[in-house]
Amino acid sequence: MNAVEEALINWKNSLPKEVPLGRLIAISPIAYKWKALYRARILRETVFWRLYDLLEQSFVLHQQGYALGARILLRSGLETLATLIYLNQLKSLVVDGSLDFHEFGEKTATLLLGSRNETTKHKSISILTVLEKCDKRYPGIQVLYGDLCEAAHPNYEGTCFGYSSVDFDNHTTVFRNKWVGMYADKHLSSMQLCIMTFEHEYNEVSVRKSRGLEKWVEDNDAKLEATKPQ
């Protein structure tokens, strides 16, 4: 069993089944009267569920030799990971005074409820904006995402390079599926990088930032009450 397969099995057994609001209120009655903190917690867990689903399917396709689909799903997984990284960054900005708490609340609503097809009233934030912020924390994440995008889009790599080659001696273009040869040996290492980064952000960074934000809200509750939008 390789490291990716083992991690996915562990994830499947660790997926949260529920988040009772009462349990959060018991942790901090003051902090969790604010919807922003509850939304942030729900977003954290839905990211876990979505990332597991995407990476599990990416792994299955990789095993079956469907390299293109595996890369496209990994691309979506990287977008999902970036959402959690960005959320953790927003928590830090509130605590250090760089982001207004009420604006943070709006951002949590957008991250959790945003859409592009108007199924909700919140317009989703551009994932490219999110990735730009995440690249400051993990340099290279934008480069990896850009490489994966070439598989998802009908650009040069996604069409011409992925399915054809030139026989210069015979002046002939030959068609075949080249995706396994191009990327199969790199796919698991990219998946493992995504998995390791998520586990660090989910198990360590998110917990630490959440505790810090809870304490900050408790200390500033009176000010927040006085300045909340009517």
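These are my notebook entries on a predicted model, covering its hairpin, one bent helix, its salt bridges and its nonpolar cores.

**Ground rules**

I took residues as numbered from 1 along each chain as its sequence is written, and I left hydrogens and water out, since side-chain values use heavy atoms. The model is predicted, and I kept to its limits: local features need pLDDT of at least 70, side-chain atom pairs count only at pLDDT 80 or more, and totals for chains, interfaces and linings use all residues.

**Entry: the hairpin**

I looked up the strands first. Helices (H or I, at least four residues) and strands (E, at least two) are DSSP runs, numbered from the N terminus. Two strands pair if DSSP finds at least two bridges between them. Strand β1 (residues 164-167) and strand β2 (residues 172-175) run antiparallel and are joined by 4 bridges. I noted two of the partnerships: S164 has F175 as its bridge partner in β2, and V166 has T173. In general, side chains in a regular strand alternate between the two faces of the sheet.

I then turned to the residues between the strands. The hairpin has 4 residues there, and H171 takes a positive phi near 55°. H171 is not a glycine. I used one accessibility scale throughout: buried means under 20% relative accessible area, exposed over 50%, and partly exposed in between (1.4 Å probe, protein chains only). H171 counts as exposed because its relative accessibility is 73%. D169 is found in the loop between β1 and β2 as well, and D169 is exposed because its relative accessible area is 71%.

I looked for another positive phi outside the hairpin. E118 has one of about 65° and is not a glycine either. E118 lies in the loop between α5 and α6 and is exposed, at 73% relative accessibility.

**Entry: helix α9**

How far apart are the end C-alpha atoms of α9? They are only 55 Å apart, although the helix (residues 179-227) has 49 residues and a straight one would reach 72 Å at 1.5 Å a residue. The expected span is 1.5 Å times one less than the number of residues. I found a kink of about 70° in α9, centred on N220. The bend at a residue is the angle between axes fitted to the seven residues ending there and the seven starting there.

I also took one distance from the hairpin loop to this helix. D169 and L224 are 55 residues apart in sequence and 74 Å apart in space, C-alpha to C-alpha.

**Entry: salt bridges**

I searched the whole structure and got 9 salt bridges. The criterion is a side-chain nitrogen of Lys or Arg within 4 Å of a carboxyl oxygen of Asp or Glu.

E214 forms a salt bridge with R211, with the closest N and O atoms 3.1 Å apart. E214 and R211 both lie in α9, 3 residues apart, about one turn of the helix. E214 counts as buried because its relative accessible area is 5%, whereas R211 is partly exposed at 43%.

D219 and K215 meet through their side chains at 2.7 Å, N to O. This pair is also in α9, 4 residues apart. D219 is exposed at 51% relative accessibility, and K215 is partly exposed at 45%. An α-helix has 3.6 residues a turn, so residues three or four places apart point the same way.

K228 and E225 form a salt bridge at 2.9 Å, N to O. K228 is partly exposed at 34%, and E225 is partly exposed at 28%. Salt bridges with shared partners join K33, D221, E225 and K228 into one network.

**Entry: nonpolar cores**

I took a nonpolar core as a set of buried Ala, Val, Leu, Ile, Met, Phe, Trp, Tyr and Cys residues joined through side-chain atoms within 4.5 Å. The largest has 52 residues, and those with the most contacts inside it are W11, L55, F101, F104, F198 and V217. The elements that each supply at least two residues of this core include α1 (3-14), α3 (35-63), α4 (67-95) and α9.

I listed the contacts (heavy atoms within 4.5 Å) of F101. Not counting residues up to four places away in sequence, F101 touches W34, A36, L37, V94, W216, V217 and L224.

Apart from the largest core lies another, of 5 residues, among them A67, A151, W179 and M182.
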